[in-house]
Amino acid sequence: MNMNIFLMAIPSDQLKIKYIQMKKVGIFYGSTSGTTKSVAEKIQKSFGKTAEIHNIKDATIEMISSYTNLIFGTSAWGIGDMQDDWEDFVDELSVIDFKDKKVALFGLGDQEEYPESFVDGLGTLYCRLPDKSVVVGEWPKKGYSYYFSLAEKDGKLVGLAIDDHQQPEKTEERISQWVEQLKKSFL
Ligand SMILES: Cc1cc2nc3c(=O)[nH]c(=O)nc-3n(C[C@H](O)[C@H](O)[C@H](O)COP(=O)(O)O)c2cc1C
């Protein structure tokens with residue numbers, strides 16, 4: 001429909017333009033040697049002032065509950081393992097009411113050194129979420145090379161996978177594309 005014609009048909013006193021502003025985004029990361037932290041900071045930068053960043057090591061249930069839009073990030077440490085601080089915290093998620101929230105996940109890994117468990121931490125974090133229906137931000141597996149990943153579901157990855165060891169040149173672009181995608185998914 002031609003929008004000009006559509007607007008002319010509405011009396012000016014009834015014409016209300018509604019601006020929908022994205023609610024705050026809370027980024028919670030677990031990082032052992034700093035790579036996931038650095039990716040979390042890049043994600044925050046891509047969102048601008050809307051996003052706040054926290055180390056899961058210092059997080060509380062109240063902090064996580066205060067956000068409508070959440071991003072959880074973890075690295076992978078062995079077959080199926082999340083980063084240690086996420087492992088310590090993850091069971092506390094079960095007391096949070098996720099009903100009106102959206103959750104996006106990202107994971108760090110190394111597809112050449114660990115091709116049988118690539119970004120497994122991402123897959124395990126997804127698996128341990130109490131409500132998977134609120135997950136957004138799935139990501140294509142195209143462009144990575146690995147044999148197996150717990151993060152793969154229905155031919156896609158359950159969140160953004162970053163391999164800053166083997167594909168550092170792709171990190172910025174992947175983050176920027178993913179964040180644009182999330183801006184549409186978040187409330
Ligand atoms: C002992 C060890 C085990 C690892 N296991 C895996 C793994 O199973 N899968 C994977 O994709 N990456 C694995 N990695 C790679 C890390 O996930 C990767 O180095 C990541 O960038 C670390 O992020 P962080 O410093 O933020 O914790 C492992 C690294 C180490 C040192």
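## Exercises on a predicted model

Ser33, Thr36, Ser75, Gly109 and Tyr114 come nearest to the ligand among the 22 residues around it (a residue is near a molecule if its C-beta atom, placed from the backbone, lies within 6 Å of it). This is a predicted model, in which local features need pLDDT of at least 70 and side-chain atom pairs count only at pLDDT 80 or more, while totals for chains, interfaces and linings use all residues. Residues are numbered from 1 along each chain as its sequence is written.

**Exercise 1.** Sort the shell around the ligand by residue class.

*Solution.* Start with the classes: Ala, Val, Leu, Ile, Met, Phe, Trp, Tyr, Cys and Pro count as nonpolar, Asp, Glu, Lys and Arg as charged, and the others, Gly among them, as polar. Then sort: the shell has 12 polar, seven nonpolar and three charged residues.

**Exercise 2.** Place Asp164 in the fold and decide whether Asp164 is buried, partly exposed or exposed.

*Solution.* First, find the element: Asp164 sits in the loop between strand E9 (160-162) and helix H6 (168-185). Helices (H or I, at least four residues) and strands (E, at least two) are DSSP runs, numbered from the N terminus. Next, recall the cut-offs: 20 or more other C-beta atoms within 10 Å make a residue buried, 12 or fewer exposed, and anything in between partly exposed, with C-beta atoms placed from the backbone. Asp164 has 17 such neighbours inside 10 Å, so this residue counts as partly exposed. Finally, look across the chain: the C-alpha atoms of Asp164 and Gly109 are separated by 7.6 Å, although their positions lie 55 residues apart along the chain.

**Exercise 3.** Compare the settings of two non-glycine residues with positive phi, Val119 and Asp154.

*Solution.* Take Val119: its phi is near 40°, and its loop joins strand E4 (102-108) and helix H5 (120-128). With 32 other C-beta atoms within 10 Å, Val119 is buried. Now take Asp154: its phi is near 50°, and its loop lies between strand E7 (152-153) and strand E8 (156-157). Asp154 has 6 C-beta neighbours inside 10 Å and therefore counts as exposed.

**Exercise 4.** Trace the chain from strand E1 to strand E2 and give the handedness of the crossover.

*Solution.* Begin with the pairing (at least two DSSP bridges between two strands): E1 (residues 25-30) and E2 (residues 51-55) run parallel and are joined by five bridges. The chain goes from E1 through helix H2 (residues 35-47) to E2, a right-handed β-α-β crossover. Right-handed here means that, with the strands pointing away from the viewer, the path from the first strand over the helix to the second runs clockwise.
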